[in-house]
Amino acid sequence: MRSYEISRTTTETDISLKLSIDGTGESSIQTGIGFFDHMLTLLTKHGLFDLQVVCNGDLQVDQHHSVEDVGIALGEAFRQALGNKAGITRYASITTPMDEALSTVSLDISGRAYLVYQATGLKEKVGNFDTELVEEFFQAFASNAKVTLHIHNVYGKNTHHMIESIFKSFGRALDIATQKSERIKGIPSTKGSL
Ligand SMILES: [Mn+2]
């Protein structure tokens, strides 16, 4: 089973996270940030993972540490659960609409951390969620999963929809890139390691 369980405690957050890559879309997410829970839930659903997250963070400061640290823990969990990456598809490029909004996520499970994030025109808040934290989440994920991640919100009007289309694309791309293919023998790199 490609799964990983992580407990991570700092002075800012206390996180328990359990991930199965080959899941069914089941999730139980409690970060104390409603909109972020909504995004992690649909990421899990459309990525067909199983994910449990409990984060008790310093929300009296703001949401930054909680969102960033969940990104760190989730990235670490994917990296560990994938092991040596033998037989995986590695790449995926997925475009997903959400009503009037459209986003593309291109992912390479490369062993190298890189984020390109293009999402302009987001309103500052969705509910009480600080939308600048979307980029922080993906930076933390890419750094700790060690993946190359390009995120582009192509267009949209409603900020909730725009961010939702990003997370749905991300979940779907992560599902495809992590899938094993019978045609792929060994580690999918001409260098022999990822
Ligand atoms: Mn929604």
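**Exercise 1. Describe the open sheet that four strands form, and say which strands lie at its edges.**

The open sheet consists of 4 strands in the order β1-β2-β4-β3, with mixed pairing, where strands are DSSP runs of E with at least two residues and helices are runs of H or I with at least four, both numbered from the N terminus. Two strands count as paired if DSSP finds at least two bridges between them. The edge strands are β1 (3-9) and β3 (27-30), since each of them pairs on one side only. From one strand to the next the twist averages 5 degrees.

As a next step, take one pair of strands: β1 and β2 (residues 13-20) run antiparallel and are joined by 7 bridges. Arginine 8 stands opposite isoleucine 15 in β2.

This is a predicted model, in which local features need pLDDT of at least 70 and side-chain atom pairs count only at pLDDT 80 or more, while totals for chains, interfaces and linings use all residues. Residues are numbered from 1 along each chain as its sequence is written, and side-chain values use heavy atoms, with hydrogens and water left out.

**Exercise 2. Work out how α1 and α2 are placed against the strands.**

Begin with α1, which lies across β3 and β4 (50-57) and runs at about 160 degrees to β3; such angles run from 0 to 180 degrees between N-to-C directions, and the axes are lines fitted to C-alpha atoms, for helices over the stretch in contact. Then turn to α2, which packs on the sheet and touches β1, β2 and β4, while its direction makes about 35 degrees with that of β2. Contact here means heavy atoms within 4.5 Å.

Now look along α1 itself: the helix has 14 residues and reaches 20 Å from its first C-alpha to its last, close to the 20 Å expected at 1.5 Å a residue, the expected span being 1.5 Å times one less than the number of residues. Among the buried residues of α1 are Phe35, Phe36, Met39, Leu40 and Leu43, where buried means under 20% relative accessible area, exposed over 50%, and partly exposed in between (1.4 Å probe, protein chains only). Just after α1, leucine 48 takes a positive phi of about 55 degrees.

**Exercise 3. Identify the protein donors of the manganese ion and locate the two histidines in the chain.**

The protein donors are His38 (NE2), His160 (NE2) and Glu164 (OE), at 2.1 to 2.3 Å from the manganese ion; donors are N, O and S atoms within 2.8 Å of the metal (3.2 Å for Na, K and Ca), and sites may look incomplete because water is not among the atoms. In sequence the donor residues are spaced H-x121-H-x3-E. Histidine 38 belongs to helix α1 (residues 34-47) and histidine 160 to helix α4 (residues 159-178), so that the pair, 122 residues apart, links distant parts of the chain. Histidine 38 counts as partly exposed because its relative accessibility is 32%, and histidine 160 counts as partly exposed at 27%.

**Exercise 4. Compare the surroundings of lysine 85 and lysine 146: is each buried or partly exposed?**

Lysine 85, in the loop between α2 (64-82) and β5 (91-98), has a positive phi near 70 degrees. Because its relative accessibility is 6%, lysine 85 counts as buried. Lysine 146 lies in the loop between α3 (133-145) and β10 (148-155) and has a positive phi near 55 degrees. With a relative accessible area of 37%, lysine 146 is partly exposed.
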